[in-house]
Amino acid sequence: TNNDRMKELELLAEKGEIGSCILTDTPWAGNSEQEDLYLANINKIQRAAVEKSRLGIPIINGRDIIHGSKTIFPIPLAQAATWDYDLIKDAASVMSEEASHDGVHWTFAPMLDICCDPRWGRIIECPGEDPLLGQLMARASVDGIQGEDMSKPGKLAACAKHYIGYGASDGGRDKDPTEWSDYSLRNRALPAFREAVNSGIATVMSAFNEISGQPVSASRYHLTDI
């Protein structure tokens, strides 16, 4: 909201040096007191990118829209427990439509980590511990968030996270190392992500954990070969 900072960002957009804006002013997506203000600001940056930069490439605005924007739905774990594809899809569709009206193009959802320890603090975002349920949650979420054409009004680009194995953090401690056999990884953790990709998801976020001592984000085996 600082005027000097806004001018600086507009100038960077004019130069083509900004490709995205990650909106993190508050966890209360769609219900922040600053909502109108930041929407006006990102519109200024967008206008600079489209109308004044050499290539005129629009900026993509991303935000964590996890289980609702203006309308808040039950946490993803509770939605998954319904085993109701249509209900989960409808909630994701409403979430997508409301967020898109606030200038968001890209959401960092669905979270598809299979949970291996209920002490893990991020369990509320995930579909639980069953691979089949994870697949249902993946398909319903992608279908609701992106629809048949994510370029249509009221739709967002979705992001499957966190690839892969994040939900098995040692002792339930967030971002701790994990241990997976290849057999367990492929049969428990991968099915939901495979379903998301097969459903046409636009993006995938790499995980924060290690597997057998190697960060997933540096693993050619996990990010490329698989």
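**Exercise 1. How many nonpolar, polar and charged residues does the lining of the largest pocket have?**

*Solution.* The model is predicted: local features need pLDDT of at least 70, side-chain atom pairs count only at pLDDT 80 or more, and totals for chains, interfaces and linings use all residues. Residues are numbered from 1 along each chain as its sequence is written, and side-chain values use heavy atoms, without hydrogens or water.

Step 1. Find the pocket. On a 1 Å grid over the protein atoms alone, a pocket is an open set of points where a 1.4 Å probe fits, with protein on both sides within 12 Å along at least five of seven lines. The largest pocket holds about 440 Å³ of space, a volume filled by probe spheres set on the points.

Step 2. List its lining (residues with an atom within 4 Å of a point). There are 20 lining residues, and Pro27, Trp28, Asp64, Ile66 and His67 are the closest to the centre.

Step 3. Sort by class. Ten are nonpolar, five polar and five charged. Here Asp, Glu, Lys and Arg count as charged, and Gly is among the polar residues.

**Exercise 2. Place Ser53 and describe its surroundings.**

*Solution.* Step 1. Ser53 sits in the loop between helix H2 (35-52) and strand E2 (60-63). Helices (H or I, at least four residues) and strands (E, at least two) are DSSP runs numbered from the N terminus.

Step 2. Is Ser53 buried or exposed? Ser53 counts as buried because its relative accessible area is 15%, and buried means under 20% with a 1.4 Å probe and protein chains only.

Step 3. Beyond four places in sequence, Ser53 touches Ala13, Glu14, Gly16 and Ala48. Contact means heavy atoms within 4.5 Å. The Ser53 side chain also reaches the backbone oxygen of Ala49 at 2.4 Å.

**Exercise 3. Place Arg122 and find its side-chain partners.**

*Solution.* Step 1. Arg122 lies in the loop between strand E3 (106-107) and H5. Arg122 is classed as buried because its relative accessibility is 18%.

Step 2. Which side chains make polar contacts with that of Arg122? Glu125 does so at 2.8 Å, and His162 at 3.5 Å. A polar contact is a pair of N or O atoms within 3.5 Å; within protein, one must be able to donate a hydrogen and the other to accept it, and residues adjacent in sequence count only if both atoms are side-chain atoms.

Step 3. Leaving aside neighbours within four places in sequence, Arg122 is in contact with residues including Met111, Lys161, Tyr166, Asp174 and Phe208.

Technical notes
Buried means under 20% relative accessible area, exposed over 50%, partly exposed in between (1.4 Å probe, protein chains only).
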